Amino acid sequence: MRMRDHGLFANAASLLLCGLLAGLVVAAATFPALAMVGLTAKAGADTFEKMPTDFDILPSSQISNVYASDGKTQLASLYDENRRDVKLSDVAVVMQQAMVAAEDKSFYEHRGVDLKGVVRAFVKNQQTGSQQGASTLTMQYVRQVISYSAKTPEQVIEATEQTPARKVREMKYAIALEKQISKAEVLERYLNIAAFGNSAYGIWAASQVYFNKQPSELTLPEAALLASLVKAPTTYNPATESGKPLALERSRNYTLKNMIELGYIDQAQYNEAIAVDPEITGNRPPQGCTEIMRPDLGAGFFCDYLLRWWGEQKAFGDNQYERENRLLSGGYKVTTSLDLNTQAAAFKYAKERPNGAKTPVTDSRAVMLAAVEPGTGRVQALATNRVFSNDQSSNGKNTNKVKRAAGQKGNYPNTTVPLITGDADVPGYQAGSVFKIFTVAAALENGIPLNYTMNAPVQAKTKYIIDPSSSAACPGTHFYCPTNAGASMAGTYTMWGAFGKSVNTYFVPLQEQVGAEKVIDMAKRLGIKFRAKGTVKEPNDYERSENESYAHQWGAFTLGVSSTTPLDMATAWATLAADGTYCAPTPVLEIIDRDGNKVAAGNPQCSPEPVVAPDVARGAIDAARCPVGDHSSTSHCAGGTASAIRGIVGKPVAGKTGTTDDDRTATMTVTTKQLAVSGFIVDPDWPTHAGIGDHPIINNSVAYLLKDAMAGKATVDFTAPSQTIVNGHQKSIPSVKCLSVEDATKKLTRAGFKPYNNNTQVASECPAGAVAGTNPGSKAVKGAAVELLISRGPGNAVPGNGPPGNGNAGNGNTPEATLPSRQR
C-alpha cells in the first residue's frame, strides 16, 4: 500500500470514529452540548443505535476446593484462575475507593462511558499517535466478560484486539449494562474479575496472595497498592524485586493522590499511608494434586483419581475437556469420600508393617491399597508407597531392561501414574487366585451349590486349547492341564474347601463346566474392567472379554491371569458384600456448586437391581470366609491360605489371596459388610518381574488397614445363603454296592454323576476289588463328583481318608506367619 493510500485509510477510520462518537452522544443524550452535526455524524449515530445491547455474561472462573469426608479438612485447590467471588460488603471501603481512584475517577459521574475522556483520548491519539484507552470500569468489566464468555479462540481475539470497533462495542454494552445494574454491582463485579498478577484473579485472591488476609481486612496502603496493579500486573508485581518499587510509585504518586482529589482521604492519611511499605506475606494457594495440602496422608493419588473420575462424568460436559474445565473454573465445594482414618491407615501400611518392617518409597516394589464402601461405591482410601509428583530427577533406575535402555527412569519414589486405579496406559496387574471368586459366583448362579464335590487331581486335564510348547500343556498335546501349588493338594473338595485352599485343579474344571465366558461376564458385572489392549499374537484381555469365542477358551482366567487394579478388585468384592448391588466407584460424597446447590452427579451411582442375585452373592461370600479363617453357620471350611486375617481384623470377614507364576505379584482382598480392601504388591515398571510378590507384606498391610478402619464400628455379620445355594437340588445316589468298578461307573454316569476311582480302600462285606460304596454316600447334586470306595474285604478301614472337603491336602488352618510363598 502506498503511503498516500495508507494516510487516506487512517483518515477515513478517524472520520468514522468521529461519526461513531457523535452517534454515541446522540444515542446516550448525555452530553448534548458536544453533539456534532452533518451526514457523517448522523450515519455514526444510526450505526451506533442499531448495535446490539445484549451480550453473554458467563460466570467468571472460580477456584474449586476439595475436602475430606468430614467437610472440613481441605485436601486440594483446583483452578485455572485463582479466584473466589466476594460481595462488595466483604471488601474494605478503602479498597473500593482505591480501585475507583486508580482506574476510573469519574466512575460515579458517567453512565458507563466517560465521553469527555473518550474525546480527550481520541484527540490526543490523533496528535501523538499514542493508544490511550479512556476505558471506564464498566467498559473494562464488559471487555473481561466478553473475553471469558468467548467459545472459540477467534472470539477471544475479537474481544481483546485494539480496534475502534471493539472500543465502540464496549461503549454500547457499558451504557446498556448501567441501565440494568447499579454502580455498586458494577464495582463488585469488577473487583471480582480484575487480574492482579501473580496468579491472583479478583480481590479475594489478591488479598490472599499478597497479604494473606481477607479483603475486608485490607489497610489503606495495602488497598492502594493492590488497586495500582491492575493497569499492568506483571510490570507492577510487588512480589518481585523489580516490580515492587514501580507498584509503590504508582500507589503513592497516582492512586493515593487521586484518593485525596476525590475526597476519600485527607493529607494526613496520605502522609501516613506513603510512609508504610506494605509487607508481601502471602502466597498463592496450592494448585492441583501435585501440591496436595495433606501430604502426610499420601492423598495425591486420591486427588488424581477425583480428576479422572470427573473427566468421565457426562453431567459436567460433552467431552473430557469441557468436564475438566468445569471443575477447574466452576467454584465447586467437593466433599470427597476420603475417610481420614482409613486413608491415614492405608498410607501407613503401604510403607510399613506392624512388626516394623518397611517398604519405603524408594523401593521399586509398589504396595498399593484401595478401600471401597459396599452399597455406595464410595472410595475411602487410595494409597501407595510413592510420592505423587512430576519431579523424577531423583528417581531410581527403571527395573525393566527395555525401558531402562530407552532412558526411562523408574516410577519411584515420585510418579503421577495412576498405579492404584489404572487407565488406558495402565491396564493393571495379574491378581492371581482371588479371581476364583468369579468362578464361585458364576457356578452358584448356574445351579452348582457350595456343597458341590469334585475330585481335584494332581494335574487336571481340560479341553482348553493352548500353545503345545507351554509348560501348562499336557505332554504331547495342546490341551491346558494345570497343576496346584503342591502335589499334596490333590483330593476331593467341596467349593468351600477348594476355595479355602485355592485348589487350581478344582476351579479350572469347574470354570470349564460353567463356561469361561460366564465367569468373565460375572467379573465384568461385579466391577472388573478389562483395559489391556494392543497388537499381540494372541487375543488381549479386552478382546477376550468382549468376544465370546475367545472368552470360552480362556482356561486360565479363573487363576487370575488378567490385568486388574486394587480399585477394581475392591469394587468387585464390595458388590458381593452388598448382596449383589453394584455401585460404580466414586471419590465423591457431595458436590456443591458456586450457588450453593447440590449437584446430583455426586450421588452414588448404583445398579437399580442387583447385578447378581443376593442369594448368589451371599453364597460367594460364604465360600470366601474360608481362606481368611472365618466361617458361618452354613460354611464347611477346611483350612485357608490366610487364616490369621479374621483374628487380626476382629470382625466377620471374607477374602482371598492371589499369587501369580514366579511370584510376580501377590494380592490380598478382604471385605467386611462395611468396607472392602484390596492390596497388591508388584513392580509397576515391570509387572512380570519375578520374585516381587510377598504375602507376609501384602496380607498384613490389608489386614491391619482393615482393622484400623473398622475400629469403633459396629460388628455386622454377613447374611447366610439359602439351603438351595448351600446344597442345591440334591438327588439320590443309586446303590452300587458290590458292583464291579466298571459297572458302578456306568450306573452312576447314567444317573448324572461323575464317578472317579482313587483306589480308596475300605473294609466291606463285598469281595475285594469290588465297589463297597460311594463318597458321598446317599445324596449329591446332579453332576457332582462321586468317589468309588473299593472293598478290601472284611476288616478295618484304611486310615487317612477324611470326609469330602478335606481332600488329601492336610487339615487345620495355616497361621499367616507361616503362609506358603506360593498361592495360586
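1. Helix 3 and helix 10. In this predicted model, helix 3 spans residues 93-103 and helix 10 spans residues 220-227. Their axes come within 8 Å. The crossing angle is roughly 35°, and the crossing is right-handed.

2. Who makes that contact? On the helix 3 side, the residues are V94, M95, A98, M99, A102 and E103. Helix 10 contributes L220, A223, A224, L226 and A227. By class, the contact residues comprise 10 nonpolar and 1 charged, with no polar ones. E103 of helix 3 is the charged residue.

3. A sheet of 3 strands. How are its strands ordered? The order is 19-22-20. The sheet is open, and its pairing is mixed. Strand 19 (754-762) and strand 20 (771-775) are the edge strands, each pairing on one side only. On average, neighbouring strands are turned by 30° against each other, direction ignored.

4. Strand 20 with strand 22. In which sense do they pair? Strand 20 and strand 22 (residues 785-791) are antiparallel. The pairing runs over 4 bridges. Within it, G773 stands opposite L789 of strand 22.

5. A helix on the sheet. Helix 28 (residues 741-750) packs on this sheet. Which strands does helix 28 touch? Strand 19, strand 20 and strand 22. The direction of helix 28 makes about 155° with that of strand 22.

6. Points to check on screen. For the helix pair, view the crossing of helix 3 and helix 10, with V94 and L220 among the contact residues. For the sheet, start from strand 22, which pairs with strand 20, and then find helix 28 packed on the sheet.

Conventions. Residues numbered from 1 in each chain as written. Predicted model: local features only at pLDDT ≥ 70, side-chain atom pairs only at ≥ 80, totals over all residues. Heavy atoms only, no water. Axes fitted to C-alpha atoms, helices over the stretch in contact; angles between N-to-C directions. Helix = DSSP H or I, 4+ residues; strand = E, 2+ residues; numbered from the N terminus. Left-handed = near helix turned anticlockwise from the far one by under 90°. Contact = heavy atoms within 4.5 Å. Pairing = 2+ DSSP bridges.
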